Amino acid sequence: MFTPLPDKPDHPALELEILELWEREGTFEELRERNRSGPKWSFVDGPVTANRMSLGVHTAWGRTLKDVFQRYKALRGFDQRYQNGFDCQGLWIEVGVERSLGLNSKREIEEFGLEEFARRCRDVVVQSSEALTRGSKRLGQWMDWGNDYFTFSDTNIEYIWKFLSIVHDRGWLYMGHRSTEWCPRCGTSLSQHELTQGGVYQDRADPSLFVRFPLLDREGESIVIWTTTPWTLPANVAAAVHPDEEYGRRENGEWVAVKLFPDDSFVETLKGSELVGWRYRGPFDDLPPASQVEHRVIPWEDVTMDQGTGIVHIAPGCGGEDFELSRVHDLAVLTPVDESGRFYDDYGWLHGLSTTEAADQIIGRLGETGNLVEAGLYTHAYPHCWRCDTPLIFRLSDDWFISVEEIRATLLEENAKVHWVPEYMGKRMDDWLRNMGDWNISRRRYYGLPLPFYPCACGHLNVISSKAELAERAVEGFEQLQELRRPWIDRVPIRCAECGEPVDRILEVGDVWLDAGIVPFATLGWQNPEWIAEGYATGAAKGLTKADLPDHAYWEEWFPADWVSEMREQIRLWFYSQFFMSVALVGRSPYKRVLAYEKMLDEQGREMHASWGNTIPAEEAFAQMGADVMRWQYCAQPPDRNLLFGFGPAHEIKRRLLTFWHSVKFLVDYGTIEGFAPTWAELEPAGDLRPLDRWLVERTKQLAADAEEAYEATLTVDVIRAFEAFVDDVSNWYIRRSRRRFYSFDEPAFRTLWYALVQSLRVIAPIMPFLADHLWRNLVQDGPASVHLAGWPDAGAPDAAILEEIAEVRRVVELGRQARSASQLKHRQPLRRLVVAGASPVAFPHAGEIAEELRVKEVEFGDVAASELRVKPNLPVLGPKLGAALRDVREQLARGAFEELDGGRFQVDGHVLEPDEVLVERVGLDGWAVASDAGLTVALDTALDDELRLEARLYDRIHEVNVLRRDSGLELTDRIRLWLPDADLIERYGDRIMQETLAVELAEGELRIEKA
Ligand SMILES: [Zn+2]
Ligand SMILES: [Zn+2]
């Protein structure tokens, strides 16, 4: 027996119930056990940073997609890995801990103590991983919780060491000395890919200065430069001009590019190349560092003529390109600020100031010396630290790099083999791989992978490749090494392989993307000689996970991943780092197929920010939307567009899901009344099926086929589209057309509808695992206990002819409805006649159904004489095609001098016009309502007579009585006594009224009903 369903589902309540059932029945374990011998489908989870104390709705998006495809593949019997991952090191974690401890600089961290700092960082990871696990479970994500990987495990770190030592053996590792983006608060440089993360570039207003540099050899003359970073002026050593552009001298002696000041008059003009070599007095030659420098004009092809003066101020210690120029032109390199972005002592009156504090003083001083031409404000997109939001500066720094030149070609080749969805994401990866510079892997921080580099005074660079090697070469301190981590590892000097002297490790830690990039090797046991049970939990991960460290054979089985998925910004981050490491280690991509998706915004299309109050905590979404509705919202999103997430869209989804819910409720309600007891063994309906039943069976197979194609293409949006179209067909065609058959026990109708609903639950289960299972457990009582154990509905190919027939009928009915609503007649008003032109003959036998659906007495297939055809040229398309001939064609069309060909084409004046080249309009003649679409036209005779009017009253009355029945709380099957004021209706249609309202008695009187 079915359990009655309420009018609408309480999503959060039923979800908690289902979670409890899964837990109690061990549903997921049973599913995995069952698939253990199946074919393999390898998925590798990208780690989530364990720094938040609750699951975010952004993260829930990705987790949903991962879960959907794992569930789908599980329905299809695939053996899978379900290992979840946590990213545990790096600035995200550090900055959070610094804030909670009220620490504001690296000095304060060191005073606080690195050992305790490391402990606090680990605590954050522990708490955050618990919170994220809770949230993910509530979302319905099925993972191997408890066997997660943590990137701060010694195992993970050792694998990166191995990678680095291999890279070093190949000669790709080097220490670079260059001017690079630097966060003064975090006291570290950032890499190119860190700058590509969302939120890095923010608009900000900076000083805009035009500054005069007096020329030494041309009395009274000066060059004028433009800058938005005043603090870099004390580090100026040169000014660059474009050698081929024209420069002019104003009357007051100022040289600027002519192109940028077209309205100025110049007393002398020279080509840029003629300015090269001129010497000038620097803006801050009174400060010791600059006073040593000879300032001169240099040529530079990259000087642009779109803003400024066409003369560029060059400070090699404060800019990447400037630094490159210093190598070419042998310029001095001045580094004015220290790690925390404050001026060094030898900068006199600037010493100790931050770059922003210095700006005012610098502008003031330029004013005093008469070298300030103009000062204003300039708003531009400026890079900020991705973690702490501090504006970045450029600073000279010694960083460790991995050279990409040798591997770039292989990276490009391998990327071409990856199947990217959507396709353009692959192009973005390709662009990135072509243009990216060497990988800056070092950070001057604390809680991160310790780079195993021991550069010796003798010139030899020692790179340690494993903990065992470290133990062997340690001079001292190995016994106190609790984890491969600062500060403990800093106390373990090794013996130099070249000269035998003790060497210290460099203090830098590694880029976090190394941590995540090594995952396809570290978690799958690459080159590990033997399987170690619970062997992954080493170092900081000890006690947090029971994950095994598999052996190399296992890696061979599961590498590369069949599929990975993350958001678009991961192209330059995790997709990239694991790709780079994998191509470097084994020469091929770590994944075969990728699903990447765009950004999440709020429902108004704004970024979500805690400070704007428009973020949605996942707990709130679970409680108010329910996990299924969230998942639906994520899955309905085409991956190539931003998701506008919110309660508004959730409400709309709930409303739409009601159609499906009501279809199930319809079966449950009448099935309960009639004692319908279907059996799983006879899933597909057999016996005395009517054509409509056979159609629904085929339609259901089509749903499975469409959804399968969509899942295989990893496009959830197409699964949702297929499901919604199916639900519409079930509710608005099958149930509508068969309603009466459910009022008495017409078994084929019950069995057909049951089959359709049960199959559709299997199809949608990966997306809405809770609702699907809730309804499954009601509808299927002797089959698999959970829809997730029922497998994929392999129904075979649907019968296309049957589907096409009803699709055509529905198309006619849909157009008929449009014509009706255009006529403004109410739906319950019957009409005489509908004429249908251009319908496929398969619709002809369905004239009766069409008539019934549209409340017309008669349906006629033939020419629609009732309308006038107007054809106009579609100018943007036809114009280019016809050129001068367009005028004549247009005239002929206007006069109606055209011939209609089949397929929506027209012949005019010797030209054949295709359907997209013309705009066709059919206008009803008087008394007809016409609608038309893609070659199909329907015309509705709108003339009314007395009989039609009487019938309209009949339908109104029946409707009124049934509303009254419902409002009086009667059961569907209750019989009534009925009084109506309409003598004419009672006389003419008495029997029909009684039938449609379940009345056992009908009498004249004031409208009322009474339970019989
Ligand atoms: Zn920072
Ligand atoms: Zn040495």
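**Zinc sites, a helix pair and backbone features of the predicted model**

Proline 487 lies in the loop that runs between helix H14 (467-473) and strand E24 (494-495). In this predicted model, the peptide bond leading into proline 487 from arginine 486 is cis, with omega near 0 degrees. A second cis peptide bond joins phenylalanine 559 and proline 560, here with omega at about -5 degrees. Proline 560 also sits in a loop, the one between helix H17 (552-558) and strand E27 (564-567). These bonds deserve a pause, since most peptide bonds are trans.

Phi angles offer further points of interest in the backbone. Most residues other than glycine have a negative phi. Glutamate 534 has a positive value, with phi near 55 degrees. Its place is the loop between helix H16 (519-522) and H17. Glutamate 534 counts as partly exposed because its relative accessibility is 43%. Arginine 855, likewise not a glycine, has a positive phi of about 55 degrees. This arginine is found in the loop between helix H27 (847-854) and strand E32 (856-861). With a relative accessible area of 23%, arginine 855 is partly exposed; the cut-off for buried is under 20%.

Turning to the metals, which residues coordinate the zinc ion (ligand 1)? The donors are the SG atoms of Cys183, Cys186, Cys385 and Cys388, at 2.3 to 2.4 Å. Along the chain, these donors follow the spacing C-x2-C-x198-C-x2-C. The site thereby links distant parts of the chain: cysteine 183 belongs to strand E6 (residues 173-183), while cysteine 385 lies in the loop between strand E17 (372-383) and strand E18 (393-402), and the pair is 202 residues apart. The angles among the four donor atoms of ligand 1 are 103 to 118 degrees, and the site is tetrahedral. For reference, the ideal angle for four tetrahedral donors is 109.5 degrees. Cysteine 183 counts as buried, at 1% relative accessibility, and cysteine 385 counts as buried at 1% as well.

The zinc ion (ligand 2) has its own set of protein donors, namely the SG atoms of Cys456, Cys458, Cys496 and Cys499, which lie 2.2 to 2.4 Å from the ion. Here the spacing along the chain reads C-x1-C-x37-C-x2-C. The site of ligand 2 is tetrahedral, with angles of 103 to 116 degrees among its four donor atoms. Are its donors Cys456 and Cys458 buried or partly exposed? Cysteine 456 counts as buried because its relative accessibility is 10%, whereas cysteine 458, at 41%, counts as partly exposed.

Finally, a helix pair completes the picture. Two packed helices are described by the angle between their axes and the distance between the axes. The axes of helix H21 (residues 647-674) and helix H23 (residues 716-743) come within 10 Å and cross at roughly 30 degrees. H21 and H23 are therefore roughly parallel to each other, as angles under 35 degrees count as such. The crossing in which H21 passes H23 is left-handed. On the H21 side, the contact is made by Arg656, Thr659, Phe660, Ser663, Phe666, Leu667, Tyr670 and Glu674. H23 contributes Phe723, Glu724, Val727, Val730, Ser731, Ile735, Arg739, Phe742 and Tyr743.

Note on methods. Residues numbered from 1 in each chain as written. Chains lettered and ligands numbered in written order. Predicted model: local features only at pLDDT ≥ 70, side-chain atom pairs only at ≥ 80, totals over all residues. Heavy atoms only, no water. Donors = N, O, S within 2.8 Å, 3.2 Å for Na, K, Ca; no water. Tetrahedral: all angles 85-135°; square planar, octahedral: opposite > 155°, others 65-115°. Helix = DSSP H or I, 4+ residues; strand = E, 2+ residues; numbered from the N terminus. Buried < 20%, exposed > 50% of the residue type's maximum accessible area, 1.4 Å probe, protein only. Axes fitted to C-alpha atoms, helices over the stretch in contact; angles between N-to-C directions. Parallel < 35°, antiparallel > 145°, perpendicular 65-115°, else oblique. Left-handed = near helix turned anticlockwise from the far one by under 90°. Contact = heavy atoms within 4.5 Å.
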